[in-house]
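Student: Hi! Could you walk me through this structure? I'm new to this, so plain words please.

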Amino acid sequence: MTNLLRRSHIRLPLLLLATLLTVVGLATLWEFELEGYAMHWLGLHYDGDFEDGERLRFILTSSSFSLIALIVPSIVLKRMVSNTQKIHHRLLRLQLQTEQLANFDPLSGLTNRRVFMETLRKQLAQQAPVALLLIDLDHFKAINDEHGHSVGDATLIEAARRLQNIANQHQGTAVRLGGDEFCLLFLDQKGQSELSQIAQKTIACLSAPMPGLPTSARLGATIGVARSWIDSQDPSVLLHYADTAMYRGKDSGRSTFNFYDSEYEQERLAQQDLELALSRAVEREEIVPFYQPIVALPSQTVVGYEILARWMKADGTMGMPADFIPILERLGLIPDMTRSLVKQACQAASLWDDTLHLSLNVSAAMITDESFPDRLLDQLRQENFPFDRFEVEITEEALVGNLEAAQRNLSKLHAYGIVVALDDFGIGYSGLYHLTRLSIDKIKIDRSFFEAGKLEHLPMVEAILGMARSLKMSVTAEGIENFHLPYLPAWLAQNGCHYAQGYLYGRPQAAGDVVLARQSFPSPT
Ligand code: C2E
Ligand code: CA
Ligand code: CA
């Protein structure tokens, strides 16, 4: 159509010229040859006695009139042709734009998600190979937030250009899936090492400095790889697998790539199930306090219990703190668990001897949380549990992160009569700094000092006891077991240790198993 229009546009003057020449030719032929024959044939009088000048004037006049008669329709025709041409061009442009919009991402110019999914479906329907490298830019959100959206857009365009180059080098297609998520699509069965090389190259390319960004603001990329001939022939499953592999990289520190690995995925799903089960367990109070007795020395009379969390699972098994406390910490559920333990423990203890103490392990995040002391005090008031029978145990690690906040919180608890104990003393920082600056009332010597066959630690224990005496702090020795008999409890008592705790006096036990009356143990001597 365009060619036709263009050609007609060019030939219009030619057509005009040809018509003019024809008219002049015909008029000449008529005047000099045909007129006589025609008149004669019509039986009309014709003398043919004209001068050449007259004949030429006729030719000129008739040709001029014909020309004038031709020019006007030609101009109109020319206008019409040019208008049609303009409309046609506009239509073509619109058609191109529509195609562009339908198939390509408007910002980056890369193939868009729709075309990508269509290609994926077609290819997999024919059981032809597909390899996907799903690419998520690292730190892109920070670039957008810190440098504005126009810099963000320019960065995406540059990233797309680099990806297009890589795709061209390896006979692939670069796709923008949306936001800062891209994909390199390969429709041939590339080997693991080639795909690894492409992934490495892509990360290096996208991590190189970007124009318009300060060199400190490095981009990066995390990539997940899925292959139809190994992982799945289903388009959405394959894409999901690439996504899963990509998230594995995000979890393990970014700017890395992973192939989809079904075993890893199983483990991850199991972990997710565990997290879900644990958060339900906290809600449903399936995490319960167990109680381990603490005895006074030298009497070895039970003076209190340490609250130790246990997960009573629906299948009748019991989960230990080492298995679930770190997960709850990651999920931010330790405060909820602690609150529930305090509630259950105070209610259980209300049935016991009213001089017994309760001791609670407090995590690092909680001890530095400004709202912790008031919440604990409120809860104890609500449960009607006297402050001076309550203890909190904290580790030195918990203090290091935010010493000032810990200091404020511990002082407040101490001021209300709550005993503050430094747990696992001797294995962490054991800095005198912490002991003297913080409101610590009690030290719990870590059980590793009393391990079987490690009597060489006793001088160290003696030194800790001496120090605690000088600082007017009481001391609990942890991990006292049967094999320590007959000497250790007596030795500890003689050296000024106030309390002992360990399997010798009792393992952590459920509320129902805690002996109600005060219990004391026979003197070892
Ligand atoms: P921890 O505070 O040092 O608690 C003492 C741990 O030593 C307990 O393990 C206890 O069962 C064990 N133990 C007590 N006596 C002996 C003994 O004579 N020999 C040996 N070998 N072990 C003994 P458990 O209950 O598994 O708790 C482990 C850790 O989990 C605790 O160490 C504490 O750091 C943490 N934890 C337990 N419950 C809670 C809780 O409610 N909140 C927080 N934040 N942490 C908790
Ligand atoms: Ca403890
Ligand atoms: Ca301890």
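Tutor: Happy to! Let's start with a charge and a ring: Arg248 lies over the face of Tyr264, at 3.8 Å from the ring centre. Keep in mind that this is a predicted model.

Student: Okay, and what lies over the face of Trp311?

Tutor: That would be Lys313, at 4.9 Å from the ring centre.

Student: Let's switch to rings with rings. How many aromatic pairs does a search of the whole structure find?

Tutor: The search finds eight aromatic pairs. One of them joins Phe257 and Phe259, with 6.1 Å from centre to centre and 75° between the planes, an edge-to-face arrangement.

Student: Is Phe259 buried or exposed?

Tutor: Phe259 is buried, and its relative accessible area is 13%.

Student: What about Tyr291 and Tyr305, how are their rings arranged?

Tutor: Their planes sit at 85° and their centres are 6.4 Å apart, so this pair is edge-to-face. It also links distant parts of the chain: Tyr291 belongs to strand E6 (residues 287-296) and Tyr305 to strand E7 (residues 301-312), 14 residues apart.

Student: And how buried are those two?

Tutor: Tyr291 is buried with a relative accessible area of 1%, and Tyr305 is buried with 3%.

Student: Which residue forms one aromatic cluster with Tyr291 and Tyr305?

Tutor: Trp352 does; these residues make up one aromatic cluster.

Student: Cool. New topic: which residues are the protein donors of the calcium ion (ligand 2)?

Tutor: They are Glu306 (OE), Asn361 (OD1), Glu393 (OE) and Asp423 (OD), at 2.1 to 2.3 Å from the ion. Along the chain, their spacing reads E-x54-N-x31-E-x29-D.

Student: So what does that do for the chain?

Tutor: Take Asn361 and Asp423. Asn361 lies in strand E9 (residues 357-361) and Asp423 in strand E11 (residues 419-425), so the pair ties together parts that are 62 residues apart in sequence.

Student: Are those two buried or exposed?

Tutor: Asp423 is buried, with a relative accessible area of 7%. Asn361 is partly exposed, with a relative accessible area of 30%.

Student: One last thing. Which calcium ions does Asp423 bridge?

Tutor: Asp423 bridges the calcium ion (ligand 2) and the calcium ion (ligand 3), and these ions lie 3.9 Å apart. So you can find Asp423 in the model and look for both ions beside its side chain as a bridge.

Definitions and conventions: Residues numbered from 1 in each chain as written. Chains lettered and ligands numbered in written order. Predicted model: local features only at pLDDT ≥ 70, side-chain atom pairs only at ≥ 80, totals over all residues. Heavy atoms only, no water. Donors = N, O, S within 2.8 Å, 3.2 Å for Na, K, Ca; no water. Helix = DSSP H or I, 4+ residues; strand = E, 2+ residues; numbered from the N terminus. Buried < 20%, exposed > 50% of the residue type's maximum accessible area, 1.4 Å probe, protein only. Phe/Tyr/Trp six-rings, centres within 6.5 Å; stacked < 30°, edge-to-face > 60°. Lys NZ or Arg CZ within 6 Å of the ring centre and 35° of its normal.
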